Amino acid sequence: RSRGRGDVYKGQDPRLDSLRAIVDVDPAGSGRTDALLRLDGLRWRERHADSVTLEMQGTAGAYSAGLHLRGPGLDADARGRGRFYDGEWQLSVTALDVLDHRNLKMSLQAPAELAFGERGWRVGELCLRGDVARLCGGADSGATGMRAQLSADGLPLAALTDGLVTATAFD
């Protein structure tokens with residue numbers, strides 16, 4: 001069992017107030033790994049996350065994972081199941097909820113496939129739906145570069161430009 005905790009990088013961007021990691025590994029027995037990674041006070045330029053928590057449980061052949069993000073004006077929770085196969089980590093995102101504190105709540109419309117490995121990474125069609133808004137996208141990278149697509153319907157412009165456009169207010 002490994003545990004770590006402490007103050008981390010507090011210099012220029014990115015900055016991090018603290019990191020906590022707890023990892024239980026049983027390589028000789030069941031092959032099971034239980035891991036918790038928590039980042040507090042993560043800052044990158046004008047962006048800030050109060051906390052980011054990643055949890056994983058299981059074996060390389062079958063694991064579950066969760067990601068929880070808390071920040072000013074945004075909370076996001078994701079869950080999924082996956083495996084390590086053919087040199088890449090594969091994950092099926094089964095739940096994703098995003099709340100932006102401006103009455104915009106969106107949830108995953110259907111499971112989405114993610115993968116990353118030495119050959120690159122990919123995000124399959126991932127769609128979030130709210131009462132009137134819908135945001136979909138996907139991306140991949142590899143030897144030929146990166147490509148991405150994004151579509152939005154009924155999404156307030158302020159939600160898409162938050163943190164990018166500072167001198168203009170959108171309703």
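This is a walk through one predicted model, from its core to its surface.

Some ground rules come first. Because the model is predicted, local features need pLDDT of at least 70 and side-chain atom pairs count only at pLDDT 80 or more, while totals for chains, interfaces and linings use all residues. Residues are numbered from 1 along each chain as its sequence is written, and side-chain values use heavy atoms, with hydrogens and water left out.

Start inside. A nonpolar core is a set of buried Ala, Val, Leu, Ile, Met, Phe, Trp, Tyr and Cys residues joined through side-chain atoms within 4.5 Å. Buried means under 20% relative accessible area, exposed means over 50%, and partly exposed lies in between (1.4 Å probe, protein chains only). The largest nonpolar core has 15 residues, and Leu96, Met106, Leu126 and Leu155 touch the most other members. Two or more residues come from each of strand S5 (62-71), strand S7 (88-99), strand S8 (105-108) and strand S10 (120-129). S7 gives the most, with 3 residues. Strands are DSSP runs of E with at least two residues, numbered from the N terminus. In soluble globular proteins, nonpolar side chains tend to be buried together.

Look closer at Met106. Contact means heavy atoms within 4.5 Å. Residues up to four places away in sequence are not counted; beyond them, Met106 touches Leu96, Asp97, Val98, Leu128, Arg129, Gly130, Ala133, Arg134, Leu135 and Leu155. Two of these, Leu96 and Leu155, are also among the core residues that touch the most other members.

Now turn to strand S4, which spans residues 47-59. Three of its residues are worth a stop. Ser51 sits in S4. Ser51 is buried, at 8% relative accessible area. Leaving aside neighbours within four places in sequence, Ser51 contacts Arg38, Leu39, Asp40, His68, Leu69 and Arg70.

His48 is in S4 too. His48 counts as partly exposed, at 31%. Its contacts, again without neighbours within four places, are Gly41, Leu42, Arg43, Gly71 and Pro72. The C-alpha atoms of His48 and Arg70 are separated by 9.3 Å, although the two residues are 22 apart along the chain.

Gly71 shows the other side of that contact. Gly71 belongs to strand S5 and is buried, with a relative accessible area of 13%. Not counting residues up to four places away, Gly71 touches His48, Ala49, Asp50 and His101. Gly71 and Arg47 are 24 residues apart in sequence, with 9.1 Å from C-alpha to C-alpha.

The third stop is Leu54, also in S4. Leu54 is partly exposed, at 34% relative accessible area. With Leu37 and Leu67, Leu54 forms a nonpolar patch on the surface, and together they have about 210 Å² of accessible area. Residues in a patch have over 30% relative accessible area and no salt bridge; like charges are joined within 9 Å, and nonpolar side chains (Val, Leu, Ile, Met, Phe, Trp, Tyr) within 5 Å. Accessible areas come from the Shrake-Rupley method with a 1.4 Å probe, and for residues only the protein chains shown count as cover.

Next come the charges. A salt bridge is a side-chain nitrogen of Lys or Arg within 4 Å of a carboxyl oxygen of Asp or Glu. The structure holds 7 of them. Side chains of opposite charge can pair when their charged atoms come close.

Take Arg43 and Asp17. Their closest N and O atoms are 3.1 Å apart. Arg43 lies in strand S3 (residues 33-44) and Asp17 in the loop between strand S1 (2-7) and strand S2 (18-25), so the pair ties together parts that are 26 residues apart in sequence. Arg43 is partly exposed at 23%, and Asp17 is partly exposed at 29%.

Arg122 and Glu88 form another salt bridge, with closest N and O atoms 3.0 Å apart. This pair links distant parts of the chain: Arg122 is in strand S10 and Glu88 in strand S7, 34 residues apart. Arg122 is partly exposed at 40%, whereas Glu88 is buried at 11%.

The last stop is a hairpin. Strand S11 (residues 134-142) and strand S12 (residues 145-153) form it, with 2 residues between them. They pair in the antiparallel sense over 9 bridges. Strands count as paired if DSSP finds at least two bridges between them. Gly138 stands opposite Gln149 in S12. Asp140 and Arg147 meet in a salt bridge of 2.7 Å, N to O. Asp140 is partly exposed at 22%, and Arg147 is exposed at 58%.

Terms used. Helix = DSSP H or I, 4+ residues; strand = E, 2+ residues; numbered from the N terminus.
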